[in-house]
Every structure is written in structure tokens, then in C-alpha cells.
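Ready for a few exercises with the structure open beside you? Work through each task first, then compare your steps with the solution.

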Amino acid sequence: MQIRILASLRNYRVEWLSRDLVAGLMLAAIAIPGQLATARLAGMPPETGIYAFAAGSIAFAVFGANRFMSVGADSTIAPIFAGGLASIAVAGGHAHAQLAPLFALLVGALLIVIGLLRAGWLSTLLSVPVTTGFLAGIAVHIAVGELPTLLGVPDEKGHLLPRLVHVIGQLPQANPLALALGVGVLGVTLAASRLGPRIPGALIGLVGAGVVTASFHLETRGVSVLGPLAVTLPQLALPALPGIEEFGRMVQLALVVAMVCVMQTAAVANTFPADDGKTEDVSRDFGAVGAGSVMAALVGAFPVNASPPRTAIVRESGGQSQLAALAAVALVVGLAIVASGLTAYVPHAALSGILLYVAWRIFRIGEMREIYRRGGPEILLVAASAALVVALPIETGMLLAILMSFVHSLYTVARPYCVELARVSGSTVWWPPAPDAPFEHVPGVLVFAPSAPINFTNCERICAEMRSAIARQPVAVKVLVVEANGIIGIDYTGSQILRRAITDLQGAGIAVALARLAAGGAQEQARRTGLIDTIGRERVFMSVEEAVRELSPRVA
């Protein structure tokens with residue numbers, strides 16, 4: 001991968017400056033409350049959210065390819081690693097805040113390696129139903145985790161269900177003031193999102209909640225507040241190493257988080273391409289997001305990720321380059337340093353209101369309805385993924401959900417669609433027969449079309465389907481034509497299974513032909529594995545009609 005720095009600033013035009021500054025202002029307006037809330041979600045001090053935003057934005061501006069992508073603390077990955085790091089920290093006697101920078105370094109290193117290997121194809125390994133399901137599970141974790149703060153009651157660590165039962169039991173002791181502030185911020189944020197993405201509803205709600213708290217001294221009436229930010233210019237330092245066992249567990253967790261970062265970064269790059277009509281260099285963007293996590297580690301923060309809503313703000317506000325992100329960093333960091341006392345009266349319940357809005361956004365009810373309507377049984381993948389993430393520790397559930405996506409993909413390949421073809425009356429076209437169209441069959445001839453590559457996972461099933469189709473014919477089959485247009489690849493094991501089946505059919509007096517095998521890879525693989533030699537080179541045809549006309553006299 002060729003490394004070019006500041007790619008989005010090459011050929012920069014002066015007339016873009018005003019647009020980038022406006023986009024930077026809008027980005028800062030939604031980043032301030034979002035990064036503070038995400039730091040809370042990650043179990044880290046609030047100022048580390050500011051550090052993560054600065055590190056992610058600067059690193060991506062330097063190394064990234066996409067002109068609009070915003071990188072920083074992300075509410076999708078924060079709950080995944082927060083619980084995992086907390087359990088590792090307790091088991092190893094470490095502080096959670098000490099492990100987070102090392103974890104960011106691990107995630108960043110993995111993403112950089114993925115980028116250097118140009119492994120952008122990894123983003124396609126998770127299906128939409130599985131992704132929708134585990135995001136729904138994360139949303140449930142966020143919502144249940146924020147309920148104690150929203151209600152102003154003590155929290156309880158542990159599994160999700162006992163925590164929810166604990167919160168329900170604490171309802172009589174809820175602080176109505178904290179609840180009103182949190183619900184108010186949630187309402188303002190929801191209303192602003194409906195009016196338009198450029199309205200910084202979270203910031204308006206946060207400022208409003210702080211003003212109300214300060215005006216009525218609600219901190220003296222049981223409303224917990226954030227307090228002043230301890231933001232200074234951080235010193236770069238390598239994170240300390242834990243024990244071997246803790247490090248091994250962190251590597252496993254980092255693989256899960258890196259996979260989610262790959263998926264989300266690719267989704268953002270595809271939704272908001274740098275140049276319409278051009279292919280995104282998403283592998284380079286993986287490496288740039290990884291560089292952001294490495295930089296976040298060096299300033300004592302936690303892993304970063306590409307953000308769909310923040311990227312949308314940059315695009316919709318007229319941003320033209322990563323200068324918008326750099327302007328936002330200057331505004332956010334400058335405000336945090338100069339006016340750190342402004343957060344003194346921001347209630348924790350207000351941050352919970354913002355996180356509940358995030359949970360609502362990533363629950364994706366609309367996507368679930370669409371999957372149910374168009375995907376049919378795939379809605380079960382949504383339910384299963386969500387259930388795994390909710391019922392198990394979140395990182396374990398995520399890992400199993402990812403594994404389930406792989407198994408589903410393998411199952412689809414292992415059970416390919418196979419169909420018998422018939423000739424469209426009055427033509428030379430062979431097509432799957434339909435009840436409302438005229439088709440004709442040639443007695444004694446079976447045209448069989450497997451719609452999958454031939455490999456070790458599916459060839460036994462394809463051969464079984466082929467034998468079953470032969471047995472179903474009203475007239476004994478004398479000619480079998482394998483329509484191979486859907487066979488895009490042939491591996492060694494699959495070819496050996498198919499060759500044995502063809503040899504058995506030939507021994508039973510059935511002439512076997514191959515038609516429409518695509519030139520290139522599949523044809524070369526059929527030749528190399530001996531499949532064509534088994535069939536006979538003279539029985540490889542360019543069309544089904546040619547094969548039938550050549551071999552159908554043998555039927556008689």
C-alpha cells in the first residue's frame with residue numbers, strides 16, 4: 001500500500017476553506033457531547049474522549065484516503081471493550097484506565113496490518129442480518145448500563161439481567177430530577193435529529209441541562225455532575241505491559257474490536273465516498289483508523305473508529321477535505337483547555353440521555369423490518385445475534401455472532417441451488433421452466449445447472465441432487481448436460497468427487513457433457529484437475545443447444 005500523507009489536501013482550492021471551517025464547526029458541535037458520553041461508556045475519564053477524538057482525527061487526516069471520514073471515540077466499540085477490559089483488569093489487579101491505552105495500541109496495530117495487507121475484503125464477511133443483530137444487542141447493553149445514572153440510583157456490576165433486575169428494584173429510590181434532565185436531553189436530541197442533521201441537539205441538550213443544574217443548584221439535591229475537565233496537552237508515552245495471561249485475553253478482544261472497526265470503516269467509506277464514481281481505497285482507510293488508535297494509545301486514551309453520523313455531518317455541511325476534521329480538533333481541544341470549567345454543572349444523567357439516543361440509533365428497527373419483509377428466515381439471524389450479545393458477556397457474544405455469520409455463509413455455499421433447465425419453445429434458449437411460459441423437454445435428455453463453485457463443501461450435495469434429478473425423469477436419461485455457467489471455480493477435492501460421479505454415470509450408459517463453462521479460471525481449473533479429461537474434450541460445448549443437438553441422437 002503506497003503511503004501518501006495528507007491526501008485530501010492535495011490540489012486544495014482556496015474556495016474550499018470557508019466550507020471546511022463551517023463543517024469543522026458543525027463537527028465540533030456534535031463531537032463535544034458525543035466524545036464525553038463515549039468516554040463514560042468506555043469507563044474512562046471524560047477528557048480521554050477529547051484525546052481520542054483529537055488523535056483519531058489527526059491521524060486519519062494525515063494517512064487516510066477519504067475526504068469526509070470522521071474518526072474518534074465511537075459508541076459502537078466502546079461497550080464491547082469496556083466490559084472485557086474491566087474483567088481483565090480485576091483478574092490481573094490492574095486499573096481499567098491503565099489497560100485501555102495498551103488495548104488501543106493492539107487494535108491499532110491489527111488495523112494497520114489489515115491495511116498493509118490490503119484486506120478490505122474482510123469487511124464483506126459479516127452479513128447485514130448478523131451485523132444488525134449484534135448492534136441491537138450492543139444497544140441493549142448501552143440502555144441497561146445507563147439506566148442507573150439516568151434514574152440517579154446506585155449501579156451494580158455483573159451480567160446484564162441481574163443489573164436490570166437491580167435497577168427495577170431501585171425504582172422507588174429514583175431521583176426524579178436526574179430522570180427529568182436525562183429524558184429532557186434525550187427528547188431534545190431526538191427532536192433535533194428529526195428537524196435536520198445540522199442541528200446539534202446533543203450539545204443544545206447538554207448546555208441546557210448544565211444551565212438548569214447550575215441555576216437551581218441541583219447538584220445539592222442528588223444530581224451527580226461531571227465536574228471540570230482535566231484537559232492538558234498530553235505527553236506521549238508507551239503503555240505499560242500487563243502479565244502474559246492478561247495480554248493474551250486482550251489480543252483476543254482486540255481481534256473482535258478490530259473486526260467491528262473494519263466493518264464500520266468500510267460502511268462509512270462506501271456510504272460517503274471521497275469521489276463519486278471512484279472506488280474507495282478502503283484498505284488505506286483501515287490503516288489510517290489504526291494509526292488513530294495507536295496515537296490515542298500514546299496519549300493515554302482508548303481505541304477509535306470511523307463514525308457514520310459525524311462523517312454525514314461533514315459531508316452535509318459542505319466539507320471538502322480533512323481540514324474540516326482538523327478545524328474541529330482545534331475547536332474541541334481549545335475549548336476543553338480554555339473553558340474546562342464549563343462542564344462543572346453538566347449532569348451525568350444528561351450524558352446518559354445522549355447515550356440512550358445512540359442506543360436508539362444503532363438498534364435499527366427499520367433495518368429489521370426490511371430484513372423481515374425481504375429476507376424472510378434471515379430475521380432469525382438478527383434475533384440470534386442479538387440474543388448472543390445480550391445473554392453472554394458482550395465480547396463473547398460478539399465473537400459468536402461473527403462466527404455465526406461465517407457459518408451461515410458456509411451453509412449457503414454448502415447447499416447450492418441446483419435446477420433442471422428446459423428449452424424455451426421456438427428458441428435455442430435453455431432456462432428454468434415456469435408454469436406460465438411454453439417450454440419443451442427433449443426425452444432422455446437432462447440439462448442440470450448447479451449455481452455454485454464446485455468445492456469440497458458442496459460437491460457431494462450437488463452430485464446427490466444430480467442423481468435425484470436423473471431418477472425423477474419420466475424417460476430414462478441417456479444424455480446429461482451440465483450447464484456450467486454458474487460454476488465459477490473448481491477445487492481439487494470437489495473435482496475428484498464430481499469425476500467419480502461422472503465415471504459412474506458413464507458406466508451406466510449415460511453420456512455426460514459440459515456446456516458454457518466460463519473461459520479463464522474455472523476452465524483452467526477443470527482442465528488442471530482432470531475434470532475435462534474425464535468428460536472428454538469433445539464433449540465440452542459453448543452452449544447447451546449445441547450439446548443437445550450433438551448428443552441427442554444417442555438417446556434413441
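## Exercise 1: Aromatic rings

Phe 81, Phe 103 and Phe 302 are linked into a cluster by ring pairs. Keep in mind that this is a predicted model.

**Task.** Classify the geometry of the pair formed by Phe 81 and Phe 302, and find which parts of the chain the pair ties together.

**Solution.**
1. Begin with the search of the whole structure, which finds 3 aromatic pairs. One of them joins Tyr 12 and Trp 16, edge-to-face, at 5.5 Å centre to centre and with 85 degrees between the planes.
2. Now turn to Phe 81 and Phe 302: the ring centres are 6.1 Å apart and the planes stand at 40 degrees, so this pair is tilted.
3. Next, place the two residues. Phe 81 belongs to helix H3 (residues 78-92), while Phe 302 sits in the loop between helix H10 (282-298) and strand S2 (305-307), so the pair ties together parts 221 residues apart in sequence.
4. Finally, check burial: Phe 81 and Phe 302 are both buried.

## Exercise 2: The nonpolar core

**Task.** Find which residues touch the most other members of the largest nonpolar core, and which helix gives the largest share of this core.

**Solution.**
1. The core has 103 residues, and those that touch the most other members are Ile 80, Phe 81, Phe 103, Phe 134, Ile 138, Phe 302 and Met 398.
2. Helix H9 (residues 244-271) supplies the largest share, 14 residues.
3. For a closer look, take Phe 302: leaving aside neighbours within four places in sequence, its contacts include Ala 39, Met 44, Thr 48, Phe 81 and Ala 296.
4. Another core, of 30 residues, lies apart from the largest one, and Ile 454, Ile 490, Leu 505 and Ile 535 are among its members.

## Exercise 3: Strand S8 and its partners

**Task.** Work out whether the two faces of S8 are covered or open, and which strands pair with S8.

**Solution.**
1. Strand S8 (residues 511-515) has 5 of its 5 residues buried.
2. Split by side, Ala 511, Ala 513 and Ala 515 lie on one face and Val 512 and Leu 514 on the other, so both faces are covered, as a buried residue has under 20% relative accessible area.
3. Strand S7 (residues 479-483) runs parallel to S8 and is joined to it by 5 bridges; Glu 483 has Ala 515 as its bridge partner in S8.
4. Between S7 and S8 the chain passes through helix H18 (residues 492-507), making a right-handed β-α-β crossover.
5. S8 also pairs with strand S9 (residues 540-541), in the parallel sense over 2 bridges, and the partner of Ala 515 in S9 is Phe 541.

Terms used. Residues numbered from 1 in each chain as written. Predicted model: local features only at pLDDT ≥ 70, side-chain atom pairs only at ≥ 80, totals over all residues. Heavy atoms only, no water. Phe/Tyr/Trp six-rings, centres within 6.5 Å; stacked < 30°, edge-to-face > 60°. Helix = DSSP H or I, 4+ residues; strand = E, 2+ residues; numbered from the N terminus. Buried < 20%, exposed > 50% of the residue type's maximum accessible area, 1.4 Å probe, protein only. Core = buried A, V, L, I, M, F, W, Y, C linked by side-chain atoms within 4.5 Å. Contact = heavy atoms within 4.5 Å. Pairing = 2+ DSSP bridges. Right-handed = clockwise from strand over helix to strand, strands pointing away.
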